[in-house]
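Hi,

Here is the structure I promised to pass on. Have a look at it first, and my notes follow underneath.

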Amino acid sequence: MGEKITKNSDGTLNIPDTPIIPFIEGDGIGPDIWHAARKVMDSAIEIAYGGKKKAEWLEVDAGEKSYKKNGEWLPERTLETIREYVVAIKGPMTTPVGKGIRSLNVAIRQKLDLYACVRPVKYIDPVPNPMKHPEKVDMVIFRENTEDLYAGIEWESGSEEARSLIAFLKERMGTDIAPESGIGIKPISPGNTKRLVASAIKYAIEQGYSSVTLMHKGNIMKFTEGAFSTWGYAVAKEQFADRVITEAELYEKYDGVRPEGKIIIKDRIADMLFQQVLLRPDEYGVIATPNLNGDYISDALAAQVGGLGMAPGANIGDECAVFEATHGTAPKYAGLDKVNPSSLILSGAMMLDYMGWHEAATLIRDGIAATIKAGTVTYDLARQISGATEKKCSEFADGIVSSMKSL
Ligand SMILES: NC(=O)C1=CN([C@@H]2O[C@H](COP(=O)(O)OP(=O)(O)OC[C@H]3O[C@@H](n4cnc5c(N)ncnc54)[C@H](OP(=O)(O)O)[C@@H]3O)[C@@H](O)[C@H]2O)C=CC1
Ligand SMILES: O=C(O)CCC(=O)C(=O)O
Ligand SMILES: [Mg+2]
């Protein structure tokens, strides 16, 4: 019944009224949050468009469910389907620690070249949180999504590859690495950095953020993270000279007063930035950073807006986009109908915005806020609010649906 979303050569989307949207349910808490998210998205679309628009969900195989069904963790046809249908949404998938398969989540990002992981961290009143001034929290992380240590190019301690690499580095580069070390490689390229930073600047311009901060550990890792910063400044100059000024220029030429319509590009060393985003969050808007830093800071910042249960995200490339929560499979809660589905629901709202279905997206955000205000919350928020009544994941979703109906 549904129709395909298509993409034009200029990057704009053609969205039919009944788009087919592939989804991956995910592992662990994936099924619980997916069912809740689907219900809320369907209801928001129905209320916003009175039945004129409808998402046609198409399940695609990946993760544990897929492995059990057909012996494949991430079938090639799943990637082909996502490419073909342009916009998809997924639950989290498990990655074993220290052994076993490499991350399927990372594989999806790399294979579909979803180079920007976009994770907004915005306070939704009245979500409980540890900040003195939560209303000042409005940051968006742009995490490079395809390279860095996160690409998982590494060799195990004692393996032939690790030993020969250690020997090669000693002979040819004079590097003394402890025998039997495991080795990981950290590639950071100008091309991948520049396209990520360009997308972050473009987003800041479109969404009205006043700054883009390049987060790096370039004092220590000069030719990877330091280069990320250098290339970030370079692309700002090459592509956005009329809209972007550096922080140095702000003080040298404009006495520290941001000229109307200009975005400030600045850089911060990663460890220091972790404390500044806590103490002075209003000094930061869009944060562009390599993959691993982006992974760390997205969970850390999620705490400022209520925790991982409230943290949405999107993986965006030139060809297609896959929306997913920031958090993982939270295995101890799998199947308990307990966790907060807001992270995936808000990822769904990001997806609806991406499709231009802003009315449904806004309804979802307002519905979540109204539900929390009414004291209907899952365990994670209940433990931060005295006197709140803990609801199940599915009951919370029902609460959002009722709230949306009465907005
Ligand atoms: N994109 C993806 O698919 C991702 C997959 N993963 C994978 O998930 C697995 C588990 O990773 P782990 O490091 O434990 O991190 P998780 O994000 O899965 O969970 C850690 C903790 O965060 C809290 N949390 C997470 N999601 C929610 C939610 N929806 N509602 C309320 N609280 C939540 C819970 O805290 P508390 O215990 O305090 O209640 C939970 O125990 C690993 O295999 C990892 O590789 C991890 C991140 C992303
Ligand atoms: O792929 C994984 O298992 C972890 C991914 C992750 O933590 C993230 O992308 O934020
Ligand atoms: Mg993570």
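K132 is exposed, because just 8 other C-beta atoms sit within 10 Å of its own and the cut-off for exposed is 12 or fewer. Keep in mind as you read on that this is a predicted model. K132 belongs to the loop that runs between β6 (116–122) and β7 (138–144). UniProt, in an unreviewed entry, lists K132 as "modified residue: N6-acetyllysine".

The other annotated site I looked at is S103, where UniProt (again an unreviewed entry) places "modified residue: Phosphoserine". You'll find S103 in the loop between β5 (87–90) and α4 (104–111). So is S103 buried or exposed? Neither, quite: S103 has 15 C-beta neighbours inside 10 Å, so it counts as partly exposed. If you ignore the neighbours within four places in sequence, S103 is in contact with T95 and G152.

S103 and T95 also turn up together around ligand 2, where the other residues are N105, V106, D295, T326 and G328. By class, that shell splits into one nonpolar, five polar and one charged residue.

Ligand 1 has 18 residues around it, and those that come nearest are P92, G309, H327, G328 and N340. The shell of ligand 1 divides into six nonpolar, 10 polar and two charged residues. Note that G328 is on the list for ligand 2 and is also one of the nearest residues to ligand 1.

Now for some helix packing. Two packed helices are described by the angle between their axes and the distance between the axes. For α1 (residues 30–49) and α14 (residues 393–405), the axes come within 9 Å and cross at roughly 10°. That angle is under 35 degrees, so α1 runs roughly parallel to α14. On the α1 side the contact is made by D32, I33, H35, A36, K39, V40, S43, A44 and I47, while α14 supplies C393, S394, F396, A397, I400, V401, M404 and K405. Sorted by class, this contact has 11 nonpolar, three polar and three charged residues.

One last residue, R195, sits in helix α6 (residues 190–207). R195 has 19 other C-beta atoms within 10 Å, and it counts as partly exposed because buried would take 20 or more. Along the chain R195 and V235 are 40 residues apart, yet 8.3 Å separates their C-alpha atoms.

Cheers

Technical notes. Residues numbered from 1 in each chain as written. Chains lettered and ligands numbered in written order. Predicted model: local features only at pLDDT ≥ 70, side-chain atom pairs only at ≥ 80, totals over all residues. UniProt positions renumbered as here; feature names shortened; annotations may be inferred. Helix = DSSP H or I, 4+ residues; strand = E, 2+ residues; numbered from the N terminus. Contact = placed C-beta atoms within 7 Å. Axes fitted to C-alpha atoms, helices over the stretch in contact; angles between N-to-C directions. Parallel < 35°, antiparallel > 145°, perpendicular 65-115°, else oblique. Nonpolar A, V, L, I, M, F, W, Y, C, P; charged D, E, K, R; others polar. Near = placed C-beta within 6 Å.
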